[in-house]
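Q: Please take a close look at one part of this structure and explain the terms as you go. Start with the charged side chains, then move on to a helix and what surrounds it.

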Amino acid sequence: MLTAIHHPATGVSDLAPLRQARADDIPAMSAIRLAVKENVLSDPSRVTEQMYRDYLDLLGRGWVVEVDGKVVGFSYADKTDASIWALFVAQDYEGRGIAKRLLNAAVDWLFALGHESVHLSTSKDTRADKFYTSQGWTRSVLNDRDAGFRLTRKATTFEGS
């Protein structure tokens with residue numbers, strides 16, 4: 001078990017546990033997804049419990065961050081098309097580095113599978129739009145509502161022999 005150091009100013013630890021998502025996390029992940037103020041689903045019934053289950057391992061992998069035993073954020077990576085299917089943090093825990101940790105876990109996993117780039121889309125002119133830009137993703141405009149992002153694996157060069 002991880003021991004966390006809590007910071008009184010933020011209420012979040014340096015080491016809030018990040019772990020692979022499980023089926024019993026689905027209700028908490030769904031609640032976080034449905035509570036967002038931006039990138040709201042026009043039809044919440046489009047994202048089903050079965051979709052959450054499928055992305056646990058069959059189609060990808062999911063991760064959660066917990067604070068005091070409560071899931072406060074999650075991400076899902078789609079291994080079939082090297083995309084980020086979901087990345088959401090509970091409103092009370094935004095701005096504390098949780099999204100960055102969840103995004104890095106998903107991207108690192110997709111790169112470890114051999115994908116050369118990772119992509120995602122989000123609504124334009126939102127905090128998510130600004131977040132991905134700030135993380136070094138390349139932004140493109142998909143349509144009047146959505147922005148697309150791509151992150152390409154950096155080549156590693158070895159010096160010497």
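A: A salt bridge is a side-chain nitrogen of Lys or Arg within 4 Å of a carboxyl oxygen of Asp or Glu. The model is predicted, so local features need pLDDT of at least 70 and side-chain atom pairs pLDDT 80 or more, while totals for chains, interfaces and linings use all residues. Residues are numbered from 1 along each chain as its sequence is written, and side-chain values use heavy atoms, without hydrogens and water.

The structure holds eight salt bridges. R19, D25 and E66 are linked in a network of them. Within this network, the side chains of R19 and D25 meet at 2.8 Å, N to O. D25 has a relative accessibility of 4% and counts as buried (under 20%; exposed is over 50%, partly exposed in between; 1.4 Å probe, protein chains only). R19, at 18%, is buried as well.

Another salt bridge joins D24 to R22, at 3.0 Å from N to O. Here D24 is exposed, with a relative accessible area of 53%, and R22 is partly exposed, at 40%. In the salt bridge of D146 with R145, the closest N and O atoms are 3.5 Å apart. D146 is buried at 15%, whereas R145 is exposed at 56%.

Now the helix. α4 covers residues 127-134 (helices: DSSP runs of H or I, at least four residues; strands: E, at least two; numbered from the N terminus). Its buried residues are A128, D129, F131 and Y132. They lie on the same side of α4 because they cover an arc of only 160° around the axis (taken from the directions from the axis to the C-beta atoms). On the other side of α4, K130 and S134 are exposed. Just after the helix, G136 takes a positive phi of about 95°.

What do the buried residues of α4 pack against? They are in contact (heavy atoms within 4.5 Å) with β4 (83-89), α3 (98-112), β5 (117-123), β6 (138-141) and β7 (146-152).

Take α3 from that list. The helix has 15 residues. I98, L102, L103, A105, A106, V107, W109, L110 and F111 are its buried residues. After α3 comes G114, with a positive phi near 105°.

Next, β4. Six of its seven residues are buried, so β4 is largely enclosed by the rest of the structure. β4 runs antiparallel to β3 (residues 70-78), and six bridges join them (strands pair if DSSP finds at least two). In this pairing, S75 of β3 stands opposite L87 in β4. The two strands form a hairpin with four residues between them, and in the turn A82 has a positive phi of about 55°.

Finally, the aromatic rings. Rings of Phe, Tyr and Trp (its six-membered ring) pair if their centres lie within 6.5 Å, and planes under 30 degrees apart are stacked, over 60 edge-to-face, the rest tilted. There are twelve such aromatic pairs. F74 and Y76 are edge-to-face, because their ring centres are 6.0 Å apart and their planes stand at 80°. Both residues are buried. Y76 also pairs edge-to-face with W85, at 5.2 Å between centres and 80° between planes. Y76 has 0% relative accessibility, whereas W85 is partly exposed at 24%. F74, Y76 and W85 belong to one aromatic cluster that also includes Y52, Y55 and F88.

Technical notes:
The expected span of a helix is 1.5 Å times one less than its number of residues.
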